[in-house]
Amino acid sequence: MVNVTVQRWGNSEGIHIPRELCEQAGIHTGSTLKAEFVDGAIVLRSVSAGTTQSGTYRVPRLEDLFAEYTGEYQGDEWQTTPFVGGEV
């Protein structure tokens with residue numbers, strides 16, 4: 001358990017969440033959290049897509065981003081450079 005201090009931010013109150021807790025919870029800058037008051041405690045839950053580590057960056061997991069997608073996949077090839085050989 002970690003103690004944090006409530007501070008004034010404009011017309012609101014806020015806390016800093018220590019990095020270790022953010023890493024354990026899988027939240028990062030830009031994460032959306034659901035805040036609720038339950039049995040005398042403020043509870044924060046992540047509602048944004050889960051993330052995974054990619055090098056030094058945390059990025060959303062594709063499985064979570066497309067979890068509710070119900071359309072049919074129609075992949076295409078893109079030609080972004082001129083043909084240079086016999087490929088077609």
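For sorting pocket residues, Ala, Val, Leu, Ile, Met, Phe, Trp, Tyr, Cys and Pro count as nonpolar, Asp, Glu, Lys and Arg as charged, and the others, Gly among them, as polar. The model used in these exercises is predicted.

**Exercise 1.** Describe the largest pocket by volume, lining and residue class.

Solution.
- Step 1, volume: the largest pocket measures about 360 Å³.
- Step 2, centre: 15 residues line this pocket, and those closest to its centre are Ile15, Ile17, Leu33, Ile42 and Leu44.
- Step 3, elements: at least two lining residues come from each of helix 1 (19–25), strand 3 (33–38) and strand 4 (41–46). Strand 4 has the largest share, with four residues.
- Step 4, class: the lining sorts into 12 nonpolar residues, two polar and one charged.

**Exercise 2.** State which residues line the second largest pocket, and sort the lining by class.

Solution.
- Step 1, volume: the second largest pocket holds about 220 Å³ of space.
- Step 2, residues: its lining consists of Ile17, Arg19, Cys22, Glu23, Ile27, His28, Thr29, Ser31, Leu33 and Arg58.
- Step 3, elements: helix 1 contributes three residues, the most to this lining.
- Step 4, class: Ile17, Cys22, Ile27 and Leu33 are the nonpolar residues here. His28, Thr29 and Ser31 are polar, while Arg19, Glu23 and Arg58 are charged. The tally is therefore four nonpolar, three polar and three charged.
- Step 5, link to Exercise 1: Ile17 and Leu33 line the second largest pocket, and both names also appear among the residues closest to the centre of the largest pocket.

**Exercise 3.** Give the order of the secondary structure elements along the chain.

Solution.
- Step 1, count: the chain contains two helices and six strands.
- Step 2, order: reading from the N terminus, the elements follow β-β-α-β-β-β-β-α.

**Exercise 4.** Is the chain compact or extended, judged by its radius of gyration against that of a compact globule?

Solution.
- Step 1, radius: for 88 residues, a compact globule would have a radius of gyration near 12 Å, whereas the chain has 21 Å. By this test the chain is not a compact globule.
- Step 2, span: the C-alpha trace extends about 70 × 30 × 30 Å along its principal axes.
- Step 3, burial: with buried set at under 20% relative accessible area, 7% of the 88 residues qualify.
- Step 4, contacts: taking contacts between residues at least 6 apart in sequence, 4% join residues at least 24 apart.
- Step 5, surface: the accessible surface is about 8400 Å², and carbon and sulfur atoms account for 53% of that area.

Note on methods
Residues numbered from 1 in each chain as written. Predicted model: local features only at pLDDT ≥ 70, side-chain atom pairs only at ≥ 80, totals over all residues. Heavy atoms only, no water. 1 Å grid on protein atoms, 1.4 Å probe; cavity = no way out; pocket = protein on both sides within 12 Å on 5 of 7 lines; lining within 4 Å. Points joined across faces, edges and corners; volume = space filled by probe spheres on them. Rg over C-alpha atoms; globule rule 2.2 N^0.38 Å. Buried < 20%, exposed > 50% of the residue type's maximum accessible area, 1.4 Å probe, protein only. Contact = heavy atoms within 4.5 Å. Areas by Shrake-Rupley, 256 points an atom, 1.4 Å probe, with all protein chains shown as cover.
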